[in-house]
Amino acid sequence: MNLALQQQIQNLLKQQQNQLLFDNWGWVKFQQGSSFEIYNTWIESEQHADLEYLKNHSELKKHPEKFLPQIKSVFSFSFSYLPHPKPLSSPLRQALYSEGEDYHFWIKEKLAQIVVELQKLDPSAHFQIATDSFPLQERDLAFRAGLGWFGKNSCLIDRKK
């Protein structure tokens, strides 16, 4: 990617950040996650319980370049869930991130808006929108993109948020 296009992308994402309310972003080369072996050991020791899709996705996570050969790099975005952007009222006490519309939906909506703008900068580029429900090691991608570090709870932590 040429330097002029990189600068245009950075400027665009700075503008989009305020409009779409994402906290941070970065990009990184698309490749196997650095924690794949840990993930694979976890799967082989059957700690995934009855979540068979995790086991079924293992090969895709091991060789993401075969799964999505047209993808060369990844934009990674972090979003806050407080205050929830699409709150729902519920009489039940629940985790704060789940006190509204499922985040998979509202994050995909925001990512789709970003893709529309990125496509204008480079119409020949291919984009694939993905959240943590997609068979990629999204936390590794976010870590490598500089969005945080892994906490003891295995979540990606952003010092500022």
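**Helix packing, aromatic pairs and a salt bridge in a predicted model**

Just after helix H2, Glu46 adopts a positive phi of about 60°. The structure containing this residue is a predicted model, and the helix that precedes Glu46 is described below together with the overall fold, the aromatic pairs and the single salt bridge found in the whole structure.

The protein chain comprises seven helices and four strands. Their order along the sequence follows the pattern α-β-α-α-α-α-β-α-α-β-β. The C-alpha trace spans about 50 × 45 × 25 Å along its principal axes. For a compact globule of 161 residues a radius of gyration near 15 Å would be expected, and the value of 17 Å obtained for the protein chain agrees with this. Of the 161 residues, 32% count as buried. The area exposed by the protein chain is about 10,700 Å², of which carbon and sulfur atoms supply 54%. Among contacts between residues at least 6 apart in sequence, 60% join residues at least 24 apart.

Helix H2 covers residues 36–44, and its buried residues are Phe36, Tyr39, Asn40 and Ile43. These residues occupy an arc of only 95° around the axis, which places them on the same side of H2. The cover over the buried residues of H2 includes helix H3 (52–56), helix H4 (58–62) and helix H7 (138–144). The positive phi of Glu46 thus belongs to a position just after H2.

Aromatic side chains were examined next. A pair of aromatic rings is described by the distance of the centres and the angle of the planes. The count comes to ten aromatic pairs. In one of these, the rings of Phe22 and Phe77 have centres 5.0 Å apart and planes at 80°, so the arrangement is edge-to-face. Phe22 belongs to strand S1 (residues 22–29) and Phe77 to strand S2 (residues 73–79), so this pair ties together parts that are 55 residues apart in sequence. Both Phe22 and Phe77 are buried. The rings of Trp27 and Phe75 also form an edge-to-face pair, because their centres lie 5.3 Å apart and their planes stand at 85°. Trp27 is located in strand S1 and Phe75 in strand S2, so the pair ties together parts that are 48 residues apart in sequence. Trp27 is partly exposed, with a relative accessible area of 26%, and Phe75 likewise counts as partly exposed, at 22% relative accessibility. The residues of both pairs belong to one aromatic cluster, formed by Phe22, Trp25, Trp27, Phe75, Phe77, Phe79 and Trp106.

Of the cluster members, Trp106 is placed in helix H6. Its relative accessible area is 3%, so Trp106 is buried. When residues up to four places away in sequence are not counted, Trp106 touches Phe79, Ser80, His84, Pro85, Lys86 and Glu101. Phe79 is therefore both a contact of Trp106 and a member of the cluster that includes Trp106.

Phe22 is also a contact of Gln16, a residue that touches Leu21, Phe22, Ile114 and Glu117 when residues up to four places away in sequence are not counted. Gln16 is situated in helix H1 (residues 3–20) and, at 7% relative accessibility, counts as buried.

Glu117, another of the residues touched by Gln16, takes part in the one salt bridge that a search of the whole structure finds. In this salt bridge the side chains of Lys120 and Glu117 meet at 3.2 Å, N to O. Lys120 and Glu117 are three residues apart in helix H6 (residues 103–121), so about one helical turn separates them. Lys120 counts as exposed at 58% relative accessibility, whereas Glu117, at 23%, counts as partly exposed. Lys120 can also be related to Trp106: the two are 14 residues apart along the chain, and their C-alpha atoms are separated by 22 Å.

How values were computed
Residues are numbered from 1 along each chain as its sequence is written. This is a predicted model: local features need pLDDT of at least 70, side-chain atom pairs count only at pLDDT 80 or more; totals for chains, interfaces and linings use all residues. Side-chain values use heavy atoms; hydrogens and water are left out. Buried means under 20% relative accessible area, exposed over 50%, partly exposed in between (1.4 Å probe, protein chains only). Helices (H or I, at least four residues) and strands (E, at least two) are DSSP runs, numbered from the N terminus. The arc is that of the directions from the helix axis to the C-beta atoms. Contact means heavy atoms within 4.5 Å. Rings of Phe, Tyr and Trp (its six-membered ring) pair if their centres lie within 6.5 Å; planes under 30 degrees apart count as stacked, over 60 as edge-to-face and the rest as tilted. The radius of gyration is taken over C-alpha atoms; the globule rule is 2.2 Å times the number of residues to the power 0.38. Accessible areas come from the Shrake-Rupley method with a 1.4 Å probe; for residues, only the protein chains shown count as cover. A salt bridge is a side-chain nitrogen of Lys or Arg within 4 Å of a carboxyl oxygen of Asp or Glu.
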